[in-house]
Each structure stands twice: as structure tokens, then as C-alpha cells.
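The following account leads through a structure step by step, beginning with a single pair of strands and widening from there.

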Amino acid sequence: MKEITVISGKGGTGKTTFTANLASLLDNLVLGDCDVDAPNLHLLLNPVNKSKETYRGAKLAIKNQNRCIDCGKCYDYCRYNAITADDFQVNNLKCEGCGVCVEVCPTKALKLESIETGSLYQAESKFGDMIHARLIPGADTSGKLVSEVKKKASEIANRKNKDWILIDGSPGIGCPVIASLSGSDMAILVTEPTLSGFSDLKRVIEVVKHFKIPAGLVINKYDLNEEISEKIKSYCRKEDIDLLTKIPYSRIIVESLKRGELFVDNDQDLRKRMLKVKSHLTKIMEVE
Amino acid sequence: MSQELSLSILSGKGGTGKTTLAVNLALALDNVQLLDADVEEPNDYLFVSPKIGEKEKESVMRLIPEVNDEKCTACRKCVDFCEYNALAMMLDKVLIFEEVCHSCGGCKIVCPENAITEKEKELGKLYHDSLDNLDFWQGELNPGEEKAVPVIEKLKTKIDHDKKVIIDSPPGTTCPTIEAIIDTDFTIVVTEPSTFGLHDLKMVVEMLNNLDQDFAVIINRSESDADYLIEDYCQENGINILLKIPFSRKIAELYSNGNPFVYELEGWEEKFKTLYRDIIEEALNNERNNSN
């Protein structure tokens, strides 16, 4: 079993659309949507939810006002500016649940409590089992929820003896991205030929190298700017990252998306371009 | 208002045009301070200061524990305390996983032997460039680091309220986004007329309502047969749409080369100026309604 994580650095390069279309071509797989901040994969695949779990990922410091003697130690020690300066209240948006205030409080007025930060869904799509999640907007610990999605996906993949776990990652390079990459056999980097896309790609390549994860490249909308596409290709060649496929700037993709359809079902050329990815993966990962 | 308005620009979904709006709006106005708080993937520099890497910079540091093995008695107090599993005990020796450490300082506090000290590690950088009419700051998270919030906090210390402040926020609805928008007077949410765009817009609106933050929407890649997706939702929820930027290959091509379209397409400088006046009016209206 091989785990492939699709990331992009820059948002909006077509990561989720790519993932959904690739999913339709791979056999015997489990899907995971790790873009818990803005999960979109379910909008294309319309999975049927089988079960829902409340996810209590984060801890927060909770204060018992009756015990507080206003000594201000919690304020002095908190490094996240999560204790208000005037009345020593916990700011939930800033609290990271580290427990330092609990430790330094001389009257035990503070304690850590788990709070609900999201929901985890086990679902069935027409291409196989799918795990997705939704973070409560404004909640912390998206990284932990991502790890939970991956854990569930790999449990199912193991139990059902699947060949692939395909993970839709999140944009950026920070905590949810690192969590979605962790333990993956390969990363697919979906980029677009814009200076922003290229700049973000370089940063995401630093991350995959830092964590020593092999990567492959997909250039979406490659004909929007062929000069930058070429630069991206040669940059990646130097970094030992193979080009898996190029996808054109295509009206068919936009229209397919609008109708909630997969573009591989609507155009033979686009389908061939996606099948290239499949054959690359099968070869690199030695999955029969 | 004696001081200028501070504005944050946000989107739920990445790639909807946050950078496009932030940069073009900033360039259409006078006396602006643009802060790129999308510290995981900052892109504004490509349009306003391509050589930002060579400009003035400062480090943003965080603290990482170090254990003095001679003083350590392997009592495990630090390991048990750490909520992030950043410390582990192996053969009576404490191991530290810097990547997952949140730099809270708790291990140092609980160590009864004073065996833990802290060292500084670079988390990210701030860059600065002074252009005509535009004071530009960029925050940047180092690849491999997880925590964007301290970089954004440091970036916000540079805010100059005598200028029109525009903050380009990280996409999404988690802590870095909140940090970027929370002290601004008004937020513009950029969205696109697709099912993805609408879904992520709803998440952002939920967050902004929780935060009690005033906001309005701009539709990017607007198309007459799709805009209803966003328009219907906004109408039902009493959200104003202040501007539409059309779906255009020309704009996409200009963007790909790092060219702000406000300079290239006629009439847009005036449109952005009008937009800014509308934003101020909207912000003042909200202020009035809130005080009533």
C-alpha cells in the first residue's frame, strides 16, 4: 500500500480537481481530504457519509474565577499573549493549550480541558472509502485533525487491503501541510505557470526535501505561460522531481467543474494526460 | 477618524485572487502601507518589490529547549508536561523534537533540576521596502516550520496608522488567518463563483461572524452565468458585494508575469479608488449601526 499526498503551496492551482480526477483512474484506493480548513473534495465526489465523530483535538485553559487572586503569573508566563493584561482572562483564540498557566498558578484556578474543534466523517464515494473532516471555523490544531484523517484512512486501507491512499492536502507550507505529508510515500506538487505559483512551489519543495519525501510535478494551465512552465520544469529537474503531466488551460475543465463533473470523463486528451500520472505512479511505486 | 482605515483581505479558498486585489488596490491609492501576512506563501512582492530578498530584513525567533544531560536526573517531568509530545525519554536521556515544539517554555518551568535552558531558533523573517507612495512589509515563515502566528504578530508591530493599511491575510479559517485580520477595521473577502468558492466563503463568513468582524465580498473571475451562486447567498445573508473582477485570460496572463493589471487595463485605477471609497463608507455605516 502506498500513500500519495497532493499539495500545491499556492492555493487555487487545481489540487482538488486533480485529486478527484486521479481518484477516478486509480483502482482499489482510500481517499482522505486533509484540507480540513477548506475541504472541497466532497463537492466533486459527493460521498455518502457513513459515520460522524466529534473531534476533540485542542485543549484550552479554563479559569475558575472564584479561585483567582489576580496575581498575574499566568499573564507573565504565557508566551502566546493568550491572557488579557487587565483582568487575566483566557483568550480562547490565542490559547494553545500548553498548560504553562495551569502550572504556574499558585491557587489552581486554571485547568486544561479538551474542546470540540471539528468533525470527522467516514464516507463512501464511488471510487472507494473516503475520510473527510471539517474544522470548526476559528479553531486551532488543524494539524492534529489532519493526522486523525490520515490515521483513519490508513486503518481502513490496511483492513481492506487497499493499494493506494490518496490524500488531498492543504495549501501553504505550515502545520496542516506538514501533518498531511508526514509518513507519505510520495508528494504530488500541483502548480501553475505564474510567478506566484513558481515562488510557492520552491518553498513547498524545500518542505518535502526537509522531510525527505519523494515528489512528482504536475503543471496545471501550462499553456497560460509556457516560458514559466519551462522554467518550472528545469528547476524541478535539478531538484530530481519528475514531471508527471501537464494540463492545459482549458474551458472544458472550468465547465466540468461548474457541472460537478470530472474532466477525464469529458475529454479524451485530458484523460490521456491524467492516465500518464497513473502509469508514472504505478511504475515509481511498484504497485501492480 | 483621525487615523486611516486598516483593511484586511481574505479568502476561504486559496487562489481566488487575494493577492491580485491587495496589490492592485494598494497601487491605485496614495499613502498606503501593504503588509503581506500570507507568511506561508507570500506573493505580493512579485508585483511590487521583486528583489525583496535583497532588502532590509529582520529575523523572527522562537525558543527551543536544550537539556543539560549532566544535571538531568531523567525524572520525566518535562516529558509528561509537554502537550505536544515534543520531548521523549530514551535510555534515560531526553530527546527534543524541535519541529513539534510550540516554544511554550513549560518544560523549563517544571524541571526540578534546572537542567533545561532555551536557545533561539529562527522561525521566519520580515522584509521591508519603501517605494513611492507605498510602504511594503512582508512576513515569511521558514520552510519546515509550522507556526505562522508569531511571524504575523511581529509583522503587525510594523503597522503605521497614518497610512492606509492593507493586510493580505493567509487563506482559510484557522489561527494565522484570525491573527492577520483581528485588529483591522474592515475585511474584504475575495471569492469566485464556483461551488468550491461558495463553500469556502460560507466557512469564512461563519468565522467572521464569530469574531464580530465587519466585512464585504468581492467576486473575482466573475462570469454572468455563474455569479448567482455567490449573489444569492450574499443576498440571503445581507452581505454586500462591492466589486466584480471579470474572468479574463488577459488578467491571468498579466498575473502570471507579475504585472499588476491596474496599470495595464483602462479604467481600473478609478474602479479601485471607488472601491476604497465604498469600503470606507461601508465601514462607517457599520460603525454607526454598531453604536446604535
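**From one strand pair to the chain contact**

In this predicted model, strand β9 (residues 186-191) of chain B runs parallel to strand β10 (residues 215-222) of chain B, and five bridges connect the two. Within this pairing, V189(B) has V217(B) of β10(B) as its bridge partner. In general, the strands of a sheet are paired by hydrogen bonds of the backbone, in either a parallel or an antiparallel sense.

The pair belongs to a wider arrangement. Nine strands of chain B form an open sheet with mixed pairing, in the order β3-β6-β7-β2-β8-β1-β9-β10-β11. β3 (56-67) and β11 (241-246) of chain B occupy the edges and have a single partner strand each, so one side of each strand lacks a neighbour in the sheet. On average, and with direction ignored, neighbouring strands of this sheet are turned by 20° against each other.

Two helices of chain B may be considered together with the sheet. Helix α1 (residues 18-28) of chain B packs on the sheet and touches β1 (6-10), β2 (32-36), β7 (134-141), β8 (164-168), β9 and β10 of chain B. The direction of α1 makes about 165° with that of β8(B). Helix α8 (residues 228-236) of chain B lies across β9, β10 and β11 of chain B, and its course is at about 170° to β10(B).

What surrounds β8(B) on its two faces? K164(B), I166(B) and D168(B) on one side are all buried, as are V165(B) and I167(B) on the other, and both faces of the strand are thus covered. Five of the five residues of β8(B) are buried. As for its partners in the sheet, β1(B) runs parallel to β8(B) and is joined to it by four bridges, while β2(B) is likewise parallel to β8(B), with five bridges. I167(B) illustrates the arrangement: S8(B) stands opposite I167(B), and L35(B) also stands opposite I167(B).

At the level of the whole chain, chain B contains 10 helices and 11 strands. The C-alpha trace of chain B spans about 70 × 45 × 40 Å along its principal axes. Chain B has 292 residues, of which 49% count as buried. Among the contacts in chain B with a separation of 6 or more, 75% are between residues 24 or more positions apart. The domain assignment divides chain B into domain 1 (6-59 + 129-291) and domain 2 (69-114). The centres of these two domains of chain B, taken over C-alpha atoms, are separated by 41 Å.

Chain B is also in contact with chain A, and this contact takes 47 residues from chain A and 49 residues from chain B. On the chain A side, α4 (100-104), α5 (142-159), α6 (175-181), α7 (195-210) and α9 (251-258) each supply at least two residues. Of these helices, α7(A) gives the largest share, eight residues. By character, the residues of chain A that touch chain B comprise 18 nonpolar, 18 polar and 11 charged.

Finally, the confidence of the prediction can be stated for chain A. The mean pLDDT of chain A is 93, with 99% of its residues at 70 or more. Confidence in chain A is lowest in α6(A), with a mean of 89, and highest in α4(A), at 98. Both α6(A) and α4(A) are among the helices that supply residues to the side touching chain B.

Terms used:
Residues are numbered from 1 along each chain as its sequence is written. Chains are lettered from A and ligands numbered from 1 in the order in which they are written. This is a predicted model: local features need pLDDT of at least 70, side-chain atom pairs count only at pLDDT 80 or more; totals for chains, interfaces and linings use all residues. Two residues are in contact if their C-beta atoms, placed from the backbone, lie within 7 Å. Ala, Val, Leu, Ile, Met, Phe, Trp, Tyr, Cys and Pro count as nonpolar, Asp, Glu, Lys and Arg as charged, and the others, Gly among them, as polar. Domain bounds come from an automatic or database domain assignment. Two strands pair if DSSP finds at least two bridges between them. Axes are lines fitted to C-alpha atoms, for helices over the stretch in contact, and angles run from 0 to 180 degrees between N-to-C directions. A residue is buried if 20 or more other C-beta atoms lie within 10 Å of its own, exposed if 12 or fewer, and partly exposed in between; C-beta atoms are placed from the backbone. pLDDT is the predictor's confidence in each residue, from 0 to 100.
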